[in-house]
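Ready to get to know a new fold by working through it? Grab the viewer and try each exercise before you read its solution.

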Amino acid sequence: MRQQTWKIHFILLFSRQGKLRLQKWYTTLPDKEKKKIIREIVQIILSRNQKTSSFVDWKDLKLVYKRYASLYFCCAIEDQDNELLTLEVVHRYVELLDRYFGNVCELDIIFNFEKAYFILDEFIIGGEVQETSKRSAVKAIEDSDMLQETVEEYMNKPAF
């Protein structure tokens, strides 16, 4: 019997005003289709009452979202996948961002989007969780920062 795998199709981060701050797609779609999907999903989620469930049946997928401060974190998963596990994954990503940025806010994502993507890539690859340890994920990010600083120092030294 083949084991069913849990997979995220895409992750969207957007503001309460509907501005997209981060997107990561784990399924291949044309850009025009992605833009249409983003508009539709942002409209659906922003129009929902805050007291309603964080799960939305959408087409043949399920949207799982959570709002943290001014940002919505939204994942699309298969209809039969575990919504609570997905909420836990969203929460872990926010924890990783918090640990790196120190109480992450929308501006951290806007001005350091490459770090937000890097953190996401350390945590999720191909739509599947790769690293569940916060300590290991943050260590990889800190190591990358250290390497980048070393390279920048080396590049700034005069060549004789």
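Below are four exercises on this predicted model, each with a worked solution.

**Exercise 1. The sheet**

Work out the order of the strands in the open sheet, and find which strands stand at the edges.

Solution. Start by laying out the five strands: the order is 2-1-5-4-3, with antiparallel pairing. Next, look at the ends of that order. Strand 2 and strand 3 (55-58) each have a single partner strand, so one side of each has no neighbour in the sheet. Now zoom in on one pairing: strand 1 and strand 5 run antiparallel and share seven bridges. For a concrete example, take leucine 12, whose bridge partner in strand 5 is cysteine 74. Finally, check the twist: on average, neighbouring strands are turned by 20° against each other, direction ignored.

**Exercise 2. Helices on the sheet**

Find which strands helix 2 touches, and which ones helix 4 lies across.

Solution. Take helix 2 to begin with. Helix 2 packs on the sheet and touches strand 1, strand 2, strand 3, strand 4 and strand 5, its direction making about 35° with that of strand 4. Then move to helix 4, which lies across strand 1 and strand 2 and runs at about 30° to strand 2.

**Exercise 3. The nonpolar core**

Name the residues with the most contacts inside the largest nonpolar core, and say which helix gives the most to this core.

Solution. The core has 30 residues, and the ones with the most contacts inside it are Ile8, Ile11, Leu13, Phe73, Tyr93, Leu97 and Ile124. As for where core residues come from, strands 1, 4 and 5 and helices 2, 4 and 5 each supply at least two. Helix 2 gives the most, with eight residues. Pick out tyrosine 93 for a closer look: beyond its neighbours within four places in sequence, its contacts include Leu13, Leu22, Phe73 and Phe123. There's also a second, separate core of 17 residues, with Trp25, Ile37, Val56 and Ala76 among them.

**Exercise 4. Aromatic pairs**

Decide how the rings of phenylalanine 10 and tryptophan 25 are arranged, and whether these residues are buried or exposed.

Solution. The structure holds seven aromatic pairs. In this one, the ring centres of phenylalanine 10 and tryptophan 25 are 4.5 Å apart and the planes are at 35°, so the pair is tilted. Phenylalanine 10 sits in strand 1 and tryptophan 25 in strand 2, 15 residues apart. For burial, the cut-off is under 20% relative accessible area. Phenylalanine 10 has 2%, so it counts as buried. Tryptophan 25, at 14%, is buried too. One last step: ring pairs link Phe10, Trp25 and Trp58 into a cluster.

Notes. Residues numbered from 1 in each chain as written. Predicted model: local features only at pLDDT ≥ 70, side-chain atom pairs only at ≥ 80, totals over all residues. Heavy atoms only, no water. Core = buried A, V, L, I, M, F, W, Y, C linked by side-chain atoms within 4.5 Å. Buried < 20%, exposed > 50% of the residue type's maximum accessible area, 1.4 Å probe, protein only. Helix = DSSP H or I, 4+ residues; strand = E, 2+ residues; numbered from the N terminus. Contact = heavy atoms within 4.5 Å. Phe/Tyr/Trp six-rings, centres within 6.5 Å; stacked < 30°, edge-to-face > 60°. Pairing = 2+ DSSP bridges. Axes fitted to C-alpha atoms, helices over the stretch in contact; angles between N-to-C directions.
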